[in-house]
Amino acid sequence: MASRDPVADLRRIAFLLERANEATYRVRAFRSAAATVSKTPPDDLAARVEAGTLAKLPGIGDVTARCVAESLAGEEPVYLRRLTATEGVETPAAAAALRAALRGDCHVHSDWSDGGSPIEEMALAAADLGHEYFVLTDHSPRLTVARGLTADRLRRQLDHVAMLNEALPEGFRILTGIEVDILEDGGLDQEEELLARLDVVVGSVHSKLRDDASRMTRRMVTAIGNPHLDVLGHMTGRKVSAAGEGDAAHRRARTRPPSDFDLEKVLAACLDHGKAIEINSRPDRLDPPKRMLTVAVEAGCVFSIDTDAHAPGQLDWLDFGCERAALCGVPADRVVNTWTAERLLEWTGSHG
Ligand SMILES: [Zn+2]
Ligand SMILES: [Zn+2]
């Protein structure tokens, strides 16, 4: 195959990233790699591809080295192909397709913790929306402000859910679960035996969100490695406010920047342990931010597009998550709640 022009390919990638309003540091990697490649003699480039030493050149990293090698081999770089694959895709159409593929929701609260409605009402609303299931994920004991469930209350909830499931419309079921607090040491805030019994465990950080990056990374990675955790909830903990809501001071008071952690390490832990990253659809969260979501898509992670609903009407917030997921190129088959309940349970069961 005739080789392609690696400089043109790298520049095209940078252009597409800029157009998508991606973080400057990501774009810069491709622009500086293009500059280095344009200054390197073709023979030297070819020899380096052969020897696997491209990334030793200044301004070239593993990702850009792979692009150059693919271009020289006459292939369209995978990175470029991924970017152009979503180019021209009508995002509304892609988002609608993703929404249509969703069979359920893995993050839902009831009035047992800080939700506003009984479980049954949430379930009926979800069935009306066409869901096949949702995972009931009320809070864990230490989140006292949200009336987190003690072990005893959770045990009672499990009995109650079993009873409700008997009476619910056919084709819909409530899966048991929890939104368990990820404690400061990375432990999970509920009894081991109970966590093991639950169908799906969402783990989230709700405290010390401004901790330094190394501690936050360790905390998250430890929790992801816990066999009981299946989904990492609202990973950055950020709060964004809907545009135009209230005055500036009011908006600032209600917003919170994303917490600081090593994204690569957290994503690597999710990949290693086969855990999903939540795409939280709440308009005040929209977590993770798009730049992180794109990196997670490229890393090969799986996702769960959830509403984190605290009231029946909020169960319809999935559209917001789907829109962002479509924009970032999340493939439907890597979204765990496009799977049937049986497949979802098989997957959570595989975590031990
Ligand atoms: Zn939460
Ligand atoms: Zn929640």
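**View 1. Spacing and geometry of the site of the zinc ion (ligand 2).** Along the chain, the donors of the zinc ion (ligand 2) follow the spacing H-x1-H-x69-E-x128-D, where donors are N, O and S atoms within 2.8 Å of the metal (3.2 Å for Na, K and Ca) and, since water is not among the atoms, sites may look incomplete. The pair of His-107 in strand 1 (residues 104-108) and Glu-179 in strand 3 (residues 173-181) links distant parts of the chain, 72 residues apart; helices (H or I, at least four residues) and strands (E, at least two) are DSSP runs numbered from the N terminus. This is a predicted model in which local features need pLDDT of at least 70 and side-chain atom pairs count only at pLDDT 80 or more, while totals for chains, interfaces and linings use all residues. Residues are numbered from 1 along each chain as its sequence is written, chains are lettered from A and ligands numbered from 1 in the order in which they are written, and side-chain values use heavy atoms, with hydrogens and water left out. Coordination is by His-107 (NE2), His-109 (NE2), Glu-179 (OE) and Asp-308 (OD), at 2.0 to 2.2 Å. The angles among the 4 donor atoms run from 82 to 169°, and the site is irregular, the term for anything other than tetrahedral (four donors, all angles between 85 and 135 degrees), square planar (four) or octahedral (six), the latter two requiring opposite donors over 155 degrees apart and all others between 65 and 115. Both His-107 and Glu-179 are buried, that is, under 20% relative accessible area, with exposed meaning over 50% and partly exposed in between (1.4 Å probe, protein chains only).

**View 2. The zinc ion (ligand 1) and the shared donor Glu-179.** The zinc ion (ligand 1) has as protein donors Glu-179 (OE), His-206 (NE2) and His-234 (NE2), which lie 2.1 to 2.2 Å from it. A distance of 3.4 Å separates the zinc ion (ligand 1) from the zinc ion (ligand 2), and Glu-179 coordinates both. His-206 lies in the loop between strand 4 (200-204) and helix 10 (213-225), and His-234 in the loop between strand 5 (231-232) and helix 11 (248-254), so the pair ties together parts that are 28 residues apart in sequence. His-234 has 2% relative accessibility and counts as buried.

**View 3. Backbone at Asp-308 and Arg-147.** Asp-308, in the loop between strand 7 (302-306) and helix 14, has a positive phi near 55° although the residue is other than glycine, and with 3% relative accessibility Asp-308 counts as buried. Arg-147, likewise not a glycine, has a positive phi of about 50°; Arg-147 is placed in the loop between strand 2 (133-136) and helix 8 (151-167) and is partly exposed, with a relative accessible area of 44%.

**View 4. The cis peptide bond before Pro-288.** Asp-287 and Pro-288 are joined by a cis peptide bond with omega of about 0°, and Pro-288 is found in the loop between strand 6 (276-280) and helix 13.

**View 5. Packing of helix 6 and helix 14.** Helix 6 (residues 91-101) packs against helix 14 (residues 318-327) at an angle of about 120°, with the axes 8 Å apart; axes are lines fitted to C-alpha atoms, for helices over the stretch in contact, and angles run from 0 to 180 degrees between N-to-C directions. Helix 6 and helix 14 are therefore oblique to each other.

Technical notes. Angles under 35 degrees count as roughly parallel, over 145 as roughly antiparallel, 65 to 115 as roughly perpendicular and the rest as oblique.
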